[in-house]
Amino acid sequence: MESMMTSPLAGTWTLKSAYDLHKDGSKTFGFGSKPTGILIVGAQGEYSLQVFRSNEPTFAVDEHGARKEFKPAELASTHYGHVKLDTQAHTVTFQIDQSYIQRWNSTAQVRPYTLTGDELSYQVPPQPGSDSVAVSVWQRVGNPHVSVSKGSMEQGLAMRHSGTDVGTP
């Protein structure tokens, strides 16, 4: 029987930073210099996550001066499902129901995490052939001890879209 305890991640989180950490310790910013995002986690671990590229051009110019359009995965990352912490193994598992990245649909992704106060950081496993891991850092908004009701997911999204300050990414 599954526990009915409130998820330690319950609440609304805003994206603080997102970057690629390379083996040599350098960082690159695939979602631009100031990406935005929101992660809403319900009391039982149901979640919705959206990350969007900075309000910067959706193209770049290569070394030859040719225009290069960003791939869709470089513009946004969105998915929803259920999330669970394993505090013993220090992993967070995203059981992804649906994702903007279709190959993630119906998958479980296990990621190492750090939760310090109201800051959550985790690493997305490296993609084949990549020398980097994607790092996401989230800041919890409001009181983490208030239980999250079903309506608060909609409220959090409405606040984000209305321009109400729910935290600085």
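Helices and strands, as I shall use the words, are DSSP runs, with at least four residues for a helix and at least two for a strand. Counted in that way, the protein before you has one helix and eleven strands. Please bear in mind throughout that this is a predicted model.

Allow me to begin with the overall arrangement. Reading from the N terminus, one passes through the strands, in the order β-β-β-β-β-β-β-β-β-β-β-α, and arrives at the helix at the end of that series. The protein comprises 169 residues, of which 36% count as buried. Its exposed surface amounts to about 10,100 Å², and carbon and sulfur atoms supply 56% of that area. As for contacts between residues at least 6 apart in sequence, 50% of them join residues at least 24 apart.

I turn now to the charged pairs. How many salt bridges does a search of the whole structure find? The search finds two.

One of these salt bridges is formed by the side chains of K16 and E119, with a distance of 2.4 Å from N to O. This pair links distant parts of the chain, for K16 belongs to strand β1, residues 11-22, while E119 belongs to strand β10, residues 119-124, and the two are 103 residues apart. Are these partners buried or exposed, or something in between? K16 has a relative accessibility of 41% and therefore counts as partly exposed. E119 is also partly exposed, because its relative accessible area is 28%, and the buried class requires a value under 20%.

The salt bridge between R140 and D118 has its closest N and O atoms 3.1 Å apart. R140 is located in strand β11, residues 132-141, and D118 in the loop between β9, residues 107-116, and β10, so the pair ties together parts that are 22 residues apart in sequence. Here the two partners fall into separate classes: R140, at 8% relative accessibility, counts as buried, whereas D118, at 26%, counts as partly exposed.

Finally, I should like to draw your attention to another arginine, R53. Where does R53 lie? R53 is found in the loop between β4, residues 46-52, and β5, residues 59-61. Although R53 sits in a loop, its relative accessibility is 15%, and R53 therefore counts as buried. The side chain of R53 reaches the backbone oxygen of G30, at a distance of 2.9 Å.

To close, I would ask you to locate three places in the structure: the pair K16 and E119, the pair R140 and D118, and the contact from R53 to G30.

Notes. Residues numbered from 1 in each chain as written. Predicted model: local features only at pLDDT ≥ 70, side-chain atom pairs only at ≥ 80, totals over all residues. Heavy atoms only, no water. Buried < 20%, exposed > 50% of the residue type's maximum accessible area, 1.4 Å probe, protein only. Polar contact = N/O pair within 3.5 Å; in protein donor to acceptor, adjacent residues only side chain to side chain. Contact = heavy atoms within 4.5 Å. Areas by Shrake-Rupley, 256 points an atom, 1.4 Å probe, with all protein chains shown as cover. Salt bridge = Lys/Arg side-chain N within 4 Å of Asp/Glu carboxyl O.
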